[in-house]
Structure formats: C-alpha cells, structure tokens
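Me: I am new to this structure. Please show me how to read it, one feature at a time.

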Amino acid sequence: MRTFDPRFTASLALVLLLSLSACGGSPSAPPAGDTAPAHDDHADTGHGEDGHADDGEHDDHGDDATVIPADVADEVGLRVAPAMAGTIADQHEVQGLLTTLETGNARVTARFPGPVRRLHAQVGDRVRAGQVLATIDSNLSLSSYTVTAPIAGTVLARNASVGESAAEGAVLYELADLSRLWVDLHVFGRDAEHLAAGSPVTITRLGDGATADTRIDRVLPGTATASQSTIARATLDNADGKWRPGSAVRAMVTVSTQRADLVVPLTALQQMDGVDVVFVREGERYEKRVVTLGRRDARQVEITGGIRIGDNVVVAQSYTVKADLEKAGAEHAH
C-alpha cells in the first residue's frame with residue numbers, strides 16, 4: 001500500500017492554483033492590510049469623460065481665428081470693408097490759430113456826444129443787421145437817437161455803460177460775423193516751401209478732437225515777427241458756432257498724394273506678439289493676418305503683404321477681435 005505524501009499534496013495545490021489563474025479564474029483576495037488601488041486601464045489612454053479618445057486638438061480655429069455671431073458683432077460695432085487700392089498723402093502737421101475775418105468785424109460808435117440812455121445787447125448775443133443796440137441823448141440836438149448794428153454777428157465786447165457820457169466816435173460795441181473764421185497756420189523753416197494755395201487741410205480742435213476739412217486760401221508774403229513763421233491762411237466754415245476765435249488748433253496739410261496698390265484704415269491695424277496684424281472676416285469667422293506695412297498718412301496705411309484686394313478687413317472695433325483672440329490664447333495655455 002502506497003503511503004500519502006503531504007509534500008506532494010501541497011505541490012499539487014500550487015500547480016492547480018496557477019493553472020486556474022492562467023485560465024481566467026479569480027485569484028484569491030489580497031491579504032488584509034494591502035490597500036494599493038487597482039490599476040485603472042483607462043488612466044493613460046487619453047480618454048475623455050465621454051469615453052472618446054482625446055486627440056489633442058483644441059477647437060476648430062486655434063489661436064489665429066475666432067467666431068463671433070453676427071448679432072454680437074453688430075452689438076459691439078464691428079464693421080468691415082474690402083481692402084482696395086488708394087492713395088497715401090504726404091502730410092505736414094502744423095499749429096494754427098483761429099481769428100475772425102477782417103471783413104466780418106464791425107465797431108458800433110456814437111455819432112454824436114451825449115449820455116447813454118439804454119443799451120440793448122449783451123456780450124455773446126447774436127444780433128441782426130439793423131438791430132438797435134443803444135439809445136443816446138444827443139447834447140447837440142437835445143433829442144435821443146439810436147445806434148444800430150451794421151452787420152449780423154455776435155457781440156464780442158460792450159464798451160459803454162448806461163448813464164455815462166459817450167464822446168463822438170466812441171466805440172460802444174464790437175461785433176463779428178463768426179459764421180466763417182480764418183485759420184492762420186504757422187509754418188516754420190523749409191516746410192513753408194511745400195505749401196501753396198489750394199493745398200487740402202484738415203483742422204483738429206484740441207478740446208474734443210473734432211475735425212473739419214478746408215483748403216489753403218493764400219500764403220501771406222510776410223513773416224510773423226514774434227515767431228518768425230510763415231503764415232498760410234485758410235477759411236473755416238463755422239455755421240454751428242462751435243469753433244471759437246482765439247483758439248489754438250492742430251492742422252494736417254496735404255502737399256502731395258501717391259498711389260498705393262492696397263490700403264486699409266489705421267483703425268484696422270493692431271499689434272499682437274510684437275507684429276502688425278489685421279482681421280479678415282469670412283462669414284462669422286474672424287482670422288488674424290500678419291501684414292507687412294508700407295507708407296502711411298494720418299488716416300490709412302499701405303499693405304505690401306499679408307492680405308489681398310477684396311479681403312473683408314475689420315475697420316471698426318478691431319481691438320474687440322484682438323481681445324477675443326488673446327482671451328482664447330490664454331485659456332489654451334492653461
């Protein structure tokens with residue numbers, strides 16, 4: 001009779017356990033106290049929360065383009081215009097001073113000596129031609145007479161008071177027609193050689209930046225004694241009365257223009273990452289285009305590379321598109 005060997009039984013049990021594991025059987029539970037978590041088969045496969053593989057792409061436009069719905073673009077004031085050929089102006093910036101026209105000034109004087117009985121207008125009043133401005137008792141005729149406005153205009157000064165005696169020829173009022181003003185442009189050095197009658201001028205008001213376009217009427221023959229400048233004179237329409245005599249202004253005089261194959265307004269130009277860019281719209285998609293610049297003037301710039309004629313370029317509120325792209329770029333970086 002064969003004796004049972006316990007060592008053989010233990011060996012057989014180990015073999016059976018390994019066989020079961022190889023065939024997909026469930027291994028025994030880990031020993032108590034072993035808390036190492038089971039390995040997650042999906043942890044390193046790049047799967048997203050929806051179970052689809054993450055291919056590493058961000059959105060459909062990257063950092064060089066953004067989508068802005070049409071209603072949002074209208075709300076923020078985005079405006080586009082096709083890039084096209086144009087002209088670049090050779091311009092000179094000068095300083096100017098507003099003055100009244102010599103033909104638009106008038107002094108209202110007393111014809112006969114006598115006390116002033118009544119004054120009918122104040123400084124700043126607008127008066128019409130023939131309007132009564134003062135009533136004076138004549139010392140010669142011992143009767144009253146009136147003094148009227150010789151022109152329509154604005155009262156700049158009142159030099160008399162009621163009850164005082166006005167001498168013959170005394171100036172009672174100073175009037176000026178302010179519907180048109182002169183702009184005296186003070187030009188220094190060799191810049192004066194480029195100015196001529198007929199040159200276009202854009203006048204800018206220093207207070208609020210308002211502009212008006214006119215042309216040089218004449219270049220005065222003399223030189224201003226105090227500043228040693230040459231004076232070029234232009235006439236400015238002031239029907240709304242917002243330009244005031246005595247005010248300093250800035251002027252941009254155009255002395256020549258040159259043809260350019262492709263120009264965009266300066267408002268279209270932005271800088272991103274140290275380079276000049278514009279934004280081109282295709283439908284609701286706005287794409288950043290790096291551009292090469294040529295000549296420029298006060299309103300527009302020549303483009304020598306980066307866009308083509310007919311591209312719809314953002315010309316108003318372009319900084320809104322820039323801000324949207326920069327925001328998207330910051331989000332992608334994180």
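**Reading the model**

Me: Let us start with the pocket. How much space lies in the largest pocket?

Reply: Rolling a probe the size of a water molecule over the atoms shows where empty space is left. In this predicted model, the largest pocket holds about 360 Å³ of space.

Me: Which residues are the closest to the centre of that pocket?

Reply: They are Gln91, Thr202, Met252, Ala298 and Arg299. The lining has 21 residues in total. Strand 3, strand 13, strand 14 and strand 16 each give two or more residues to the lining.

Me: Now the whole chain. How many helices and strands are there?

Reply: Count 3 helices and 22 strands. The chain has 334 residues, and 33% of them are buried. Its accessible surface comes to about 20,600 Å². Carbon and sulfur atoms account for 51% of that surface.

Me: What share of the contacts with a separation of 6 or more comes from residues 24 or more positions apart?

Reply: The share is 69%.

Me: Next, the interior. Which residues of the largest nonpolar core touch the most other members?

Reply: A core of this kind is a set of buried nonpolar residues joined through side-chain atoms within 4.5 Å. Here the largest one has 20 residues. Those that touch the most other members are Leu98, Val183, Leu185, Val201, Ile203, Trp243 and Val253.

Me: Which elements give two or more residues to this core?

Reply: There are strand 3 (84-100), strand 12 (180-187) and strand 13 (200-205). Add strand 14 (211-223), strand 15 (230-237) and strand 16 (248-265). Strand 12 gives the most, with 4 residues.

Me: Take Ile203. What is Ile203 in contact with, leaving aside its neighbours within four places in sequence?

Reply: Its partners include Val183, Leu185 and Trp243. Ala210, Thr211, Ala212 and Thr214 are also in contact with Ile203. So are Val249, Arg250 and Ala251. Apart from this core lies another, of 19 residues. Among them are Ala110, Val116, Ala134 and Tyr145.

Me: Now sheets. In what order do the strands of an open sheet stand?

Reply: In a regular strand the side chains alternate between the two faces of the sheet. One open sheet here has 4 strands in the order 8-7-5-10, with antiparallel pairing. Strand 8 (144-148) and strand 10 (165-166) are the edge strands, each pairing on one side only. Strand 5 (residues 114-119) pairs with strand 10 over 2 bridges. Gly114 stands opposite Ala166 in strand 10.

Me: Which strands stand at the edges of the sheet with the order 4-11-9-6?

Reply: That open sheet also has 4 strands and antiparallel pairing. Strand 4 (105-109) and strand 6 (126-127) each have a single partner strand, so one side of each is left without a neighbour in the sheet. Strand 4 is joined to strand 11 (residues 171-176) by 5 bridges. Thr109 stands opposite Val171 in strand 11.

Me: Last, a hairpin. How many residues are between strand 20 and strand 21?

Reply: The hairpin has 3 residues between its strands. Strand 20 (residues 292-296) pairs with strand 21 in the antiparallel sense, over 3 bridges. Thr292 stands opposite Gly305 in strand 21. Strand 21 (residues 300-305) also pairs with strand 16, antiparallel and over 3 bridges. There, Val264 has Val301 as its bridge partner.

How values were computed: Residues numbered from 1 in each chain as written. Predicted model: local features only at pLDDT ≥ 70, side-chain atom pairs only at ≥ 80, totals over all residues. Heavy atoms only, no water. Buried < 20%, exposed > 50% of the residue type's maximum accessible area, 1.4 Å probe, protein only. Contact = heavy atoms within 4.5 Å. Pairing = 2+ DSSP bridges. Areas by Shrake-Rupley, 256 points an atom, 1.4 Å probe, with all protein chains shown as cover. 1 Å grid on protein atoms, 1.4 Å probe; cavity = no way out; pocket = protein on both sides within 12 Å on 5 of 7 lines; lining within 4 Å. Points joined across faces, edges and corners; volume = space filled by probe spheres on them.
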